[in-house]
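Notebook open, coffee ready. I'm going to look through this one piece by piece and jot down what I find.

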Amino acid sequence: MITRLRHGFAVAALSIVCMLMGVFTSFAANSNGELDPINGSVISGWAVDTDNPDKSASVVLYVYTDGTTEAKELAKVTADQYRSDLKDSLGNGNHAFSYTVNWDSLEGSSFIIEGYVETASGKNRIYGSPQYSKKETAKADVKSTSNGPAGDKSTPAPASSAKGTKGAYLGKFQTTAYCNCSQCCSGGHKLTYSGTVPTANHTVSADINRYPIGTKLMIGDNVYTVEDIGTNVVDNKLDIYFDTHQQALDYGLKTVDVYAVE
Ligand SMILES: [Zn+2]
């Protein structure tokens with residue numbers, strides 16, 4: 001199964017939090033599907049229309065390019081492949097999908113993927129926001145990045161979208177800090193809940209019912225991206241990722257002003 005970063009809300013309260021990690025595996029948000037971390041050119045996962053669990057669900061994959069907030073449809077796939085780990089909980093287990101994408105055919109250099117199951121009552125998001133970056137071509141793409149997404153029928157994103165400008169005031173948040181050591185995370189996992197590699201000054205855990213994966217939040221002059229979750233990271237609480245445990249300890253607990261990013 002996917003390795004995920006599971007961490008506590010505060011460095012001081014870790015042992016109890018980590019004991020609860022197993023409970024969190026059955027998080028309700030992934031009950032209708034999940035995207036795996038991207039493996040090269042393969043986007044994979046599973047999905048089910050919970051009203052029609054015996055049917056193979058249709059999944060629409062969307063791509064966000066270079067930090068823009070406008071998603072573009074990437075592909076439509078059918079989740080009809082067998083995966084043994086789905087069999088016990090999901091009928092015949094024929095609910096997995098995979099899609100091979102030619103990243104070079106897409107403009108831009110960094111991509112976030114989201115998936116939605118098509119149901120009779122509309123589209124339901126499946127879990128995870130895996131990312132892909134054309135590292136080797138990132139420099140060459142800087143110019144096109146600043147032009148915003150091409151071919152988008154809506155208003156182009158502002159040129160500053162990669163970093164973002166300060167938007168609406170969201171309020172005072174209680175913030176804590178964590179790293180990916182075994183003290184902060186059960187088993188010392190290396191990836192965030194959304195499948196990304198956690199990065200200092202970038203990765204933050206939030207209550208994703210309020211601030212979904214991919215949401216950008218500004219604290220001070222820095223723009224963080226919601227990529228992770230935590231057992232007690234609810235409501236207006238955030239858990240900020242640091243590279244080392246000492247830095248996380250040094251951060252402690254702070255109440256900060258948080259702004260949306262436009
Ligand atoms: Zn740590």
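In the hairpin of β1 and β2, which residue takes a positive phi? I looked it up: Gly40 does, near 65 degrees, in a hairpin with 6 residues between the strands.

Before going on, a note to self: this is a predicted model, where local features need pLDDT of at least 70, side-chain atom pairs count only at pLDDT 80 or more, and totals for chains, interfaces and linings use all residues. Residues are numbered from 1 along each chain as its sequence is written, and side-chain values use heavy atoms, with hydrogens and water left out.

**Entry: the strands**

I checked how β1 (residues 33-35) sits against β2, and they pair antiparallel over 3 bridges. Strands here are DSSP runs of E, at least two residues, and helices are runs of H or I, at least four, numbered from the N terminus; two strands pair if DSSP finds at least two bridges between them. Gly33 stands opposite Ala47 in β2. I then followed β2 to β6 (residues 94-100): 5 bridges, antiparallel, with Val42 opposite Thr100.

Next I turned to β3 (residues 57-65), where 8 of the 9 residues are buried (under 20% relative accessible area with a 1.4 Å probe, protein chains only; exposed is over 50%, partly exposed in between). β3 is joined to β4 (residues 72-79) by 7 bridges, antiparallel, and Tyr62 has Glu73 as its bridge partner there. β3 also pairs antiparallel with β7 (residues 110-119) over 8 bridges, where Val59 partners Val117.

**Entry: the zinc ion**

What holds the zinc ion? I found Cys179 (SG), Cys181 (SG), Cys184 (SG) and His245 (ND1) at 2.0 to 2.4 Å. Donors are N, O and S atoms within 2.8 Å of the metal (3.2 Å for Na, K and Ca), and water is not among the atoms, so sites may look incomplete. The angles among the 4 donor atoms are 97 to 125 degrees, and the site is tetrahedral, meaning four donors with all angles between 85 and 135 degrees. Cys181 lies in the loop between β10 (166-178) and β11 (203-205) and His245 in helix α5 (residues 245-251), so the pair ties together parts 64 residues apart in sequence. Cys181 and His245 are both buried.

**Entry: the core**

The largest nonpolar core has 21 residues, and Ile219, Val226, Leu238, Ile240 and Val258 touch the most other members. Such a core is a set of buried Ala, Val, Leu, Ile, Met, Phe, Trp, Tyr and Cys residues joined through side-chain atoms within 4.5 Å.

Note on methods: Four donors count as tetrahedral if all angles lie between 85 and 135 degrees; four count as square planar and six as octahedral if opposite donors are over 155 degrees apart and all others between 65 and 115; anything else is irregular.
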